[in-house]
Structures are given as C-alpha cells and as structure tokens.
Amino acid sequence: MAVSIHAPRINNNDDQVKLIALDVAIGQKVDRGAVIGQVETDKAVVDIEAPAEGYVIGLQAEVDTMVEVGSILVWLGESADEVVPAAAAVETRAGQASGAPTAKARLLLKRHGLTADQVPAAGERLTAEDVEHYVAGKGGRTAQASGSPVATRIDRLPDVPGALRPLRPDERGMVNTVSWSRDFAVPGYIELEYDPQPWDAYAKDYADRHRLMLSPLLSLMAWRLVELARETPALNATHVGEQRYEYGEINLGFTVQAGETLYLTVLRNADTLDESGFVNAQGDIQRRAAGHRLVPAELQGATISFSSMARWKVSRHIPILPPHTALMVAHAVSADGRHVLGATYDHRVLNGFQVVNTLRKLSKPAVPDRKKENTQ
Amino acid sequence: MLFPIPGVERNEHGKPLIGLDDASLYAFGHLLRSTEQLILDLFSRGLLSGTTHTCIGQELCQMAVVRALDHEDDAVLSNHRNHGHYMTYSGDFLGLVAEVMGRKAGVCGGYGGSQHIAYRHFHSNGIQAGMTGIGAGLALARKRKDSPGIVTIMVGDGTLGEGLLYESMNLASIWNCRVLFVVENNGIAQTTYTSETLGGSIEARGQAFGLQTWRLNDADPEFSASVARVVAQVRESGRAGMLVIDTRRLGPHSKGDDLRADDEKAAIAARDPLAAIGRRLADSEREAIEARNTVFLARIEAEALASPEASFDAQRLHTFSPVSTTRIGSLQPAKASNVRLAINQALRTLLGGDERVLLIGEDLHEPYGGAFKVSAGLSGDFAGRVISTPISEAGITGASIGLALDGERPILEIMFADFLTLCMDQLYNHAVKFPGMFEDVKVPLLIRTPAGGRRGYGPTHSQNPENLFVSVPGLTVLFGSHRHNVGQLLVDAVQRWPNPTVFLEHKLLYGEAQDPADYELVAASPEDQGADLFPTLRRGADAPDVTLLSFGGMLPVVERAAKQLEEQEELAVEIVAPALLAPLPRGTLLDALLDRPRIVVVEESHHEFGVSAEILAMLAEAGFTGQVLRVGLAPVPIASARSLEREQIPDEQMIVASVLDLI
C-alpha cells in the first residue's frame with residue numbers, strides 16, 4: 001500500500017513552509033530514513049526523511065513553492081508501478097448553488113425590478129452580463145427602481161486623443177437623470193406668465209412676521225406646491241408597469257446651485273411639516289448645500305420638484321425631470337420683468353389641463369388662514 | 001504660592017528644613033495636625049470637594065521619612081493618606097487646603113483633590129499599591145543617570161494585601177536601585193483590624209525579597225533620628241529597603257467612619273507621640289509655637305476661601321500630545337520579507353538611534369529572543385538596554401510608566417495580548433492619568449504585544465483585546481497589518497507620538513510578507529489626532545458595491561473574501577484598513593465611507609461594544625443611509641481545538657456569506 005510523505009510542522013507559528021529541495025525522481029527506490037528533500041521556515045531548514053522503504057510513485061509539490069503544513073509532498077509505493085491512490089474527497093464548503101445569480105446580478109435584478117427566472121443565464125450562474133444583456137434587449141424598458149443609467153455607456157474611445165476623467169457624484173447624478181428622462185419619461189412642457197405682486201406681498205409679510213433677513217419667496221412657493229400635491233395625488237406620482245404609482249410621501253426636490261455644483265436637494269416627508277417648519281427646513285438644507293455638507297439621503301428620492309432660475313434673469317428654462325417623478329416646476333423672471341411659471345411633466349402621468357390648473361393655483365398664494373396661525 | 005512658615009527655613013525648592021530638636025519637630029508636627037483639623041472643619045462646613053483622609057496621630061510617622069530626604073532627585077510616591085507627606089515635602093499649605101476645597105489656588109488647580117497630588121517629584125494616587133511599580137521604574141531611571149536620588153513609596157498596612165506591591169518589591173530588589181518601601185502600620189484599615197487581614201510578619205515580607213528591613217515605632221523619642229539614619233543607609237548602599245513604622249491613627253479613616261471603642265481611642269490618645277514631644281517643651285515655648293501656627297493657618301484659610309472655584313481655561317476634549325517632528329534614523333522600508341523582520345529592524349533602529357530607548361519584557365534575551373522571536377539578536381547588540389524581567393505584567397508596566405515619566409523611552413513587550421488585562425490598572429488609572437490631568441506631563445510608553453487566534457492556543461492566548469483598550473480615555477491603540485509599513489508605524493509611535501500606546505501585532509502576520517500591494521493612503525482629515533502618522537489604507541473599486549472595513553490580522557482573510565466576492569459574485573469590493581483604532585480617525589473614515597452603499601466591518605475580537613460598534617455608531621450619527629453589518633467573534637471563549645476555533649473566528653466563507661445575506 002502506498003504511503004504519503006507530508007510537509008512537516010516546524011514550529012507552531014508557521015502554517016506554511018517553503019520546499020527548497022526534493023531530491024528524488026519518479027520510479028526511484030528510497031530506503032527508510034533516506035533524506036528525500038528539505039523545507040525551510042525563516043528560522044530553520046529541516047530534512048524530510050522517508051518513513052519507509054519504497055518506490056517514488058508521485059511527486060505532489062514543486063520546489064521553491066510554499067506548501068501547507070501536512071500537505072502531501074511525495075507518494076511511495078511498494079512497487080514502482082503502483083498507482084497513486086485517488087485523492088480523498090476534498091471537503092468543499094457550501095458554495096452558491098449552481099444556477100443561482102451572482103450577487104452583482106441580484107443587485108441588478110433588484111435595480112431593474114426583475115426576478116431571476118425572467119432572465120436566461122448563459123452559463124451555470126446568472127451573471128451581471130446576463131441581466132444587462134436582457135435589459136438592453138428589452139430596450140431598457142424595465143421598471144427601474146433606483147435610477148442608475150441604463151445603456152448610456154459608449155465604451156469605444158473616440159479617435160481624437162484625450163483623457164478620461166471620472167465624474168463627481170453630482171455629475172453622475174445628472175447623467176442618471178438625463179438617461180431616465182430619455183429612456184422612460186414622455187416629457188411635455190407648459191408655461192404661463194403671472195402677476196408677481198400677490199406673492200411678493202405675501203413673502204414680505206411673512207418675512208416681517210418671522211423677522212427673516214432673506215426673502216422666503218421661493219420656499220413659500222415650493223410649500224404651495226407641496227400643498228397642491230397633497231390635494232392632487234397624481235402630481236406626486238410616477239408610472240410603473242401599466243399603472244400610475246402615487247407616492248405615499250412628498251419628497252420635495254429643490255435645485256440649489258453651489259458654486260460649480262448643481263444640487264437637487266430633497267426635503268423628505270415635506271407634507272408632514274407646516275408652512276414655517278417647511279421654510280425653516282428648506283433654509284437649513286440650502287445653507288448646508290452651499291457648504292457641500294448634505295448627506296446622501298438629502299440628495300435622492302425626490303417625488304416632485306421645484307426649480308427657479310430667477311436670479312439669472314432667463315426668460316425660460318425647461319428642466320429635465322428627475323427620475324421617477326411626474327412634475328418639475330420651473331420658475332423664471334426675464335430681464336424685462338416678465339414672471340413665468342413653467343413645468344416639465346411626464347405626459348404618461350399628467351395631461352396639459354392638470355398642469356395648467358396646477359400652475360394657475362401656484363401663481364398666487366393660498367388664502368392665508370390667519371385664525372389657524374394665531375392659535376399656534 | 002508659598003507663604004513663609006513661622007520658624008521654618010526652606011531649601012531652594014521650597015522644601016521645609018526641619019531640625020531634629022523637639023521644638024522644630026513639635027512646631028511642624030503641630031502645624032500638620034492643625035491643618036488637618038482645619039480641613040475637617042472645612043468639611044463640616046460643606047466647603048470640601050469629595051472625600052479626605054487625614055493623618056492625625058500619624059504626623060511624626062508621615063514627617064520623618066520625607067523630612068530626611070535631602071537630595072533634589074528624591075521622590076515621594078504616596079497614597080490616599082498623603083497630606084503629611086505632601087506638606088513636609090513641599091511646605092505648600094495653601095496649595096493643599098485650596099486643592100481639597102476645589103479652588104483655583106490648589107496645587108493641581110482642583111483636578112486632583114485630596115488623593116491625587118502631583119508636585120515636582122511628589123505623586124499620590126487613590127489606588128492601593130498602584131504607584132509602587134512606577135516607583136521601581138523611577139528608581140531605575142535614577143540609577144541609569146547615576147543619580148543618588150531615593151524613591152520612597154508610602155503604603156499603609158492595608159496595602160500589604162495588594163499583589164502589585166510584591167511585584168514591585170521584587171523588581172526593586174533585582175534592579176538594585178534606591179527604593180525605600182515605607183509601611184505605615186497603624187493596625188487598622190478603614191474599620192477592619194490588621195490582625196484579621198494579615199498573615200505572617202510584615203518585615204519577613206521585605207526580607208523574603210532580599211530588602212534591607214527595619215522596624216521602628218513613632219512613639220520612640222529617637223524615632224525621627226533613627227529614620228534619618230535609615231534613609232542615609234539606603235542612599236549609601238544603593239539598594240532597596242523596607243521600613244516598617246508602628247503608628248496609631250488618632251482620627252477616623254476618612255470622615256464619620258471611626259467605630260473604635262472609646263477606651264481604645266483613649267489609649268491611642270495617651271500614646272500620642274506628638275503630644276509627648278510637646279510635653280518635653282516648656283509651656284511658654286509650646287504655647288508660643290501653637291499661637292504662631294494659629295496665625296499662619298488663619299491666613300492660609302483666608303487665602304483659600306478667597307481663591308475662586310476651580311475652572312478650566314479651555315476644557316480639553318482629548319489628552320493627546322501632538323506629533324513631534326523629531327525623527328531619528330532612516331525611514332523603514334515599505335516592503336520586508338516578513339512582518340517579524342520589519343519589527344525587529346525597527347527595534348534595532350530605535351535602540352541604535354536613541355540611548356533612552358529600552359526594551360523591557362519577559363524572556364527577551366538570546367537565545368529565546370522574546371515572544372515569537374521578534375527581538376532576536378538585540379540583547380547582545382544593545383547590552384543593558386534589553387531587560388528581561390520577572391513575570392510581573394502589572395509591575396513592569398508600572399516600572400515602564402516610571403521610566404517614561406523620567407524621560408526614558410521604554411518599549412514594553414507583553415508576551416500575549418491576553419495578559420494585558422494584568423496591566424489594565426496601570427494603564428487605566430495611571431499611564432493616562434498623568435498626561436490627562438497635567439498638560440505638560442508626557443508618558444511616552446509603548447506596549448508591544450502579539451494578539452489573535454487561529455493558532456490553537458486556546459481561550460487565554462488567542463484573543464484580540466483591542467475592544468477593551470480603545471475605550472480607555474487617552475490611550476492610543478494601534479493595530480497595523482502586513483499592508484502597512486509596520487516598522488515605520490512602530491518607529492513613529494516611539495519617536496514621534498509621546499503618548500501611552502498599545503501596539504498590537506497579530507501572530508498570524510509575523511510570517512507574512514510586508515507589502516503594500518495595490519493599497520493606497522486615505523487622505524487624513526486634519527482634525528484627526530495622529531491620523532497622518534498612522535495612516536488608513538484602501539484598495540479596490542471607487543464606486544464599490546460593498547466596502548469591507550478591517551484591520552490587523554483579519555486583513556489577509558478579508559482579502560481572500562474580497563477576491564471571492566469579486567471573482568465569483570462579480571461585486572465591486574473596496575477594502576478600508578485603518579491602523580489607528582484609538583483615537584479613532586473619525587473625520588478620515590467619514591470622508592472615506594459616508595457615501596458608500598454597504599459597509600461591513602470585520603474584526604477578530606469580541607466585537608460587542610467594540611471597535612466596529614463605535615465606527616458604525618459614528619456613521620449613524622453622521623447620517624449614513626446605506627446598509628451596515630458587523631462580522632466578529634461571538635461573546636464566548638475561543639476554543640483550543642483548531643476545528644472548533646475555525647468555526648468561531650470569522651473566515652472568508654463567513655464573510656462572503658454575510659455579505660451575500662446583506663445583499
């Protein structure tokens with residue numbers, strides 16, 4: 001019966017030793033006690049002796065490699081033509097069942113709102129490539145759950161020399177937004193002019209009552225939009241499958257330009273606040289955006305949005321819809337003093353009449369409920 | 001502020017010069033007693049901060065040894081009952097009274113109170129026997145500088161029950177240095193008589209350790225002169241000694257806890273050695289002394305009352321001294337054939353570059369060469385500076401603190417990190433308290449220790465105890481890996497980081513090649529203490545699906561798990577590996593982690609309440625919204641059998657499975 005010669009443990013602290021010599025060849029006869037090779041640790045070199053007389057029938061390790069203590073180096077047989085015993089079944093620890101998706105594939109399935117059995121696997125396991133291939137084949141028209149760009153990459157570099165620059169997080173976010181709008185939304189745009197006087201008076205009165213240094217006008221208009229969304233759930237919705245998905249909370253997106261960076265800040269659960277709570281929270285978030293101190297939760301998950309370019313005196317701007325939203329209000333004041341309220345909307349969710357109606361209501365403050373405020 | 005004491009001259013350091021004549025002894029002894037009575041009176045009037053232990057009845061006992069210390073390097077390490085020692089050492093009556101009152105004029109600005117006083121070479125602390133090892137270290141430091149200074153260590157008979165005292169007596173004996181252990185034997189603890197708590201004889205304890213031993217009685221008329229001869233003999237012999245003084249406590253232990261019978265108290269009063277000296281004086285002389293002491297103390301009381309309440313000029317939020325710019329010797333190479341050699345080379349650089357560097361620990365000498373042979377070859381090349389010690393982890397930690405306090409740079413090796421618990425009192429109550437209380441005091445002590453499992457060493461030789469030590473305020477905990485430049489971490493920790501530091505080395509990494517591979521430095525946030533010197537590393541995807549945060553011996557395991565997740569699960573994996581665990585580089589880690597989608601902290605230690613908990617709490621407080629998970633050791637002892645140990649300590653399969661569960 002064949003016997004095996006193992007890599008010895010030289011001290012308790014080394015689980016591997018280096019095989020530095022193996023002085024036998026297949027077929028060679030060795031005597032019991034003959035030195036057949038040497039192993040080394042960083043402290044010592046130790047001879048390996050044959051435990052019995054026999055013929056070398058198998059060499060299982062290479063010189064100058066690290067070998068595990070206890071692993072087989074050499075097989076000795078009783079005769080030169082004995083065969084090396086079949087290796088004992090090696091314990092394999094539970095791996096992933098064959099056919100199961102890789103973790104990356106699972107992440108992608110979740111992102112696209114797919115299940116594993118919808119997507120065919122090219123190999124044993126469902127891979128990220130399988131999922132991407134499936135999504136691309138469907139024209140990317142799956143219910144995307146977390147707003148990552150789909151099929152926006154052009155992997156071949158242009159022929160003109162240049163350098164690739166990684167995108168900042170806000171730039172990546174813009175790519176996501178544009179890609180979603182291109183691939184999923186069916187955007188329309190409507191605008192109307194309005195008389196600024198009632199809003200200016202209301203904002204001035206509010207500022208006086210709350211002793212504010214800066215005009216709260218835009219925050220108050222955004223709050224009015226939150227109130228309107230509360231009245232009309234379709235404004236705060238998106239399109240999933242063949243149905244309208246009305247959100248259970250109103251997360252107000254509000255654009256803030258901080259230096260070079262354009263943030264779409266998100267005030268979550270805005271509908272749980274009151275007017276002054278909203279204005280304060282909005283002020284806080286704008287201040288922190290200016291200081292680049294927002295946390296990720298404040299930069300994602302908008303369900304309806306408001307954007308003003310009044311400070312740049314443009315006559316019109318047509319915003320791109322943030323992913324999974326149906327309405328973004330665009331406010332502008334042109335150089336000749338025209339005040340404009342516009343809206344980009346997802347025509348799958350809203351029609352023009354609903355949008356015009358909303359803009360008309362937004363063009364002046366709500367009738368103030370003084371009594372309610374006085375009781376606070 | 002030192003006020004002139006009537007009838008008493010001072011030396012150049014302000015120490016009172018007290019004669020051996022009856023009038024001088026009575027004058028100072030009476031002043032001690034009157035001050036203690038003033039303190040008790042202030043206590044009754046609600047003007048004291050915390051507790052106090054007076055030496056009423058033991059004045060001569062407390063005076064005699066300190067009085068005889070006449071070299072400027074002489075040190076006094078005292079205990080909870082320290083007022084007599086302190087006043088005799090410093091002559092600073094206002095400093096003491098204001099300190100116990102918690103006033104700004106206190107000798108420690110109100111930080112120490114009655115029990116924790118530091119002034120020149122005087123230190124006291126409320127831990128019984130806690131400073132005795134430190135005393136042995138201070139004495140060794142004096143010996144290394146050829147100073148004849150004596151370190152006196154004051155203990156009561158109650159302290160004879162503490163084991164560290166005996167470790168310290170042994171160290172002082174084998175190191176042949178000038179330590180005088182003074183046992184003030186008043187026969188009673190707080191309320192329990194020593195006869196019920198002490199086996200054997202007190203002097204025999206000293207004799208057993210080879211100390212020259214004396215026993216004196218403070219009621220002996222020649223007592224103070226005899227004590228002076230003992231001190232002179234310790235100085236002359238250059239050896240350690242033990243002096244037992246029989247004395248009696250006239251007052252309570254602290255306040256309101258004197259339960260002794262009236263006739264016993266009457267007998268103690270009749271024995272009162274201070275009163276006996278007073279009776280030897282003419283009435284008129286005695287009354288004149290008492291009258292002038294009364295006037296002096298009235299002034300002290302008025303000054304103390306006039307001093308404002310103690311307040312912080314600026315409250316410190318940490319106690320770490322800044323990085324020093326001094327670097328001695330060349331930089332350590334980033335790559336090394338293994339971590340053991342990298343550390344050995346760093347120790348060689350440190351010893352070669354600075355005479356103050358000492359290696360202290362068990363079995364450091366050739367041919368053994370220290371735990372895991374990390375200090376191999378050093379004892380021969382640096383004779384006298386590689387010190388193999390008795391098996392006394394607490395004692396040698398204390399001694400190392402003493403050496404560090406006196407300007408040496410001790411590097412202490414604890415054979416297994418599991419044994420650090422024996423050093424805990426020395427770290428928690430002493431090493432961090434000196435720099436913690438006094439901004440200008442530094443304790444540049446470094447403790448190296450091998451940690452970790454997967455060796456089959458079992459429950460008490462396999463642990464990663466960093467979770468205990470990161471919570472000690474003011475203690476630095478470093479745990480490098482084979483991806484760090486471990487040698488440079490060690491050199492910088494000793495040369496440029498003058499703070500008490502625990503330097504963990506994982507046993508498994510000693511044989512690993514030291515190689516930064518594809519890791520890069522994470523930019524250190526300027527607000528993080530030490531983060532630049534002890535960097536955090538990272539490798540892997542810039543937009544990872546999962547971030548594995550790990551350190552020390554867990555890193556090779558985490559790398560294998562990452563490989564599996566990348567190759568088999570197609571995940572983008574990032575590894576973040578700090579070396580500095582405390583003070584935690586919070587800003588640095590937040591900058592690196594806050595926008596990550598999933599963070600898994602992997603550690604080998606018992607991780608409940610540990611490093612991972614702190615890191616994840618920090619992320620939660622900062623508004624982290626991703627997913628988190630901890631992988632570590634359950635709160636159970638580590639088994640010896642390798643098969644059992646494998647099931648307990650996280651391996652790559654456990655990490656992979658945890659990540660997959662999370663996703």
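These are my notebook entries on a predicted model with chains A and B.

**Entry 1: chain A as a whole**

I began with chain A and looked up its secondary structure, which comes to 8 helices and 16 strands. I then looked up burial, and of the 376 residues of chain A, 41% count as buried. For the surface, I noted that chain A exposes about 21,000 Å². Carbon and sulfur atoms supply 52% of that exposed area. I also looked up contacts in chain A between residues at least 6 apart in sequence, and 59% of these join residues at least 24 apart.

**Entry 2: where chain B touches chain A**

How many residues of chain B are in contact with chain A? I found 23 residues of chain B in contact with 23 residues of chain A. The size of an interface is often given as the accessible area lost when the parts come together. Here I noted that chain B and chain A bury about 2,000 Å² between them. Of that buried area, 44% is on carbon and sulfur atoms.

Next I looked up the polar side of the interface. Between chain B and chain A there are 7 residue pairs in polar contact, with both residues at pLDDT 80 or more. The salt bridges between chain B and chain A number 2. One of them joins the side chains of Arg125(A) and Glu569(B), at 3.0 Å from N to O. I then asked which elements of chain B give two or more residues to the side that touches chain A, and these are α19 (555-569) and α23 (652-662). By class, that side of chain B has 7 nonpolar, 5 polar and 11 charged residues.

**Entry 3: salt bridges within the chains**

Over all chains I have a count of 49 salt bridges. I followed three pairs that lie within one chain.

In chain A, the side chains of Arg288(A) and Glu298(A) meet in a salt bridge at 2.6 Å, N to O. Arg288(A) is in helix α6 (residues 275-290), while Glu298(A) is in the loop between α6 and β14 (304-308), 10 residues apart. Is Arg288(A) buried or exposed? At 17% relative accessibility, Arg288(A) counts as buried because the cut-off is under 20%. Glu298(A) counts as buried too, at 14%.

In chain B, I looked up Arg235(B) and Asp70(B), whose side chains form a salt bridge at 3.1 Å, N to O. Arg235(B) is in helix α8 (residues 223-237) and Asp70(B) is in the loop between α2 (59-67) and β3 (75-78), so this pair ties together parts 165 residues apart in sequence. Arg235(B) counts as buried at 16% relative accessibility, whereas Asp70(B) counts as exposed at 65%.

Also in chain B, Glu408(B) and Arg144(B) meet through their side chains in a salt bridge at 3.1 Å, N to O. Glu408(B) lies in the loop between α14 (393-405) and β12 (409-413) and Arg144(B) in helix α5 (residues 132-144), so the pair ties together parts 264 residues apart in sequence. I have Glu408(B) as buried, with a relative accessible area of 5%, and Arg144(B) as partly exposed, at 33%.

I also noted a network of salt bridges that links Glu520(B), Arg538(B), Asp542(B), Glu574(B), Asp595(B) and Arg596(B).

**Entry 4: Ser525(B)**

Last, I looked up Ser525(B), which lies in the loop between β16 (520-521) and β17 (537-540) of chain B. Ser525(B) is buried, with a relative accessible area of 7%. What does Ser525(B) contact, leaving aside its neighbours within four places in sequence? I found Gly587(B), Thr588(B) and Asp591(B).

Notes:
Residues are numbered from 1 along each chain as its sequence is written. Chains are lettered from A and ligands numbered from 1 in the order in which they are written. This is a predicted model: local features need pLDDT of at least 70, side-chain atom pairs count only at pLDDT 80 or more; totals for chains, interfaces and linings use all residues. Side-chain values use heavy atoms; hydrogens and water are left out. Helices (H or I, at least four residues) and strands (E, at least two) are DSSP runs, numbered from the N terminus. Buried means under 20% relative accessible area, exposed over 50%, partly exposed in between (1.4 Å probe, protein chains only). Contact means heavy atoms within 4.5 Å. Accessible areas come from the Shrake-Rupley method with a 1.4 Å probe; for residues, only the protein chains shown count as cover. Buried area is the accessible area (1.4 Å probe) that two parts lose on being put together, summed over both. A salt bridge is a side-chain nitrogen of Lys or Arg within 4 Å of a carboxyl oxygen of Asp or Glu. A polar contact is a pair of N or O atoms within 3.5 Å; within protein, one must be able to donate a hydrogen and the other to accept it, and residues adjacent in sequence count only if both atoms are side-chain atoms. Ala, Val, Leu, Ile, Met, Phe, Trp, Tyr, Cys and Pro count as nonpolar, Asp, Glu, Lys and Arg as charged, and the others, Gly among them, as polar.
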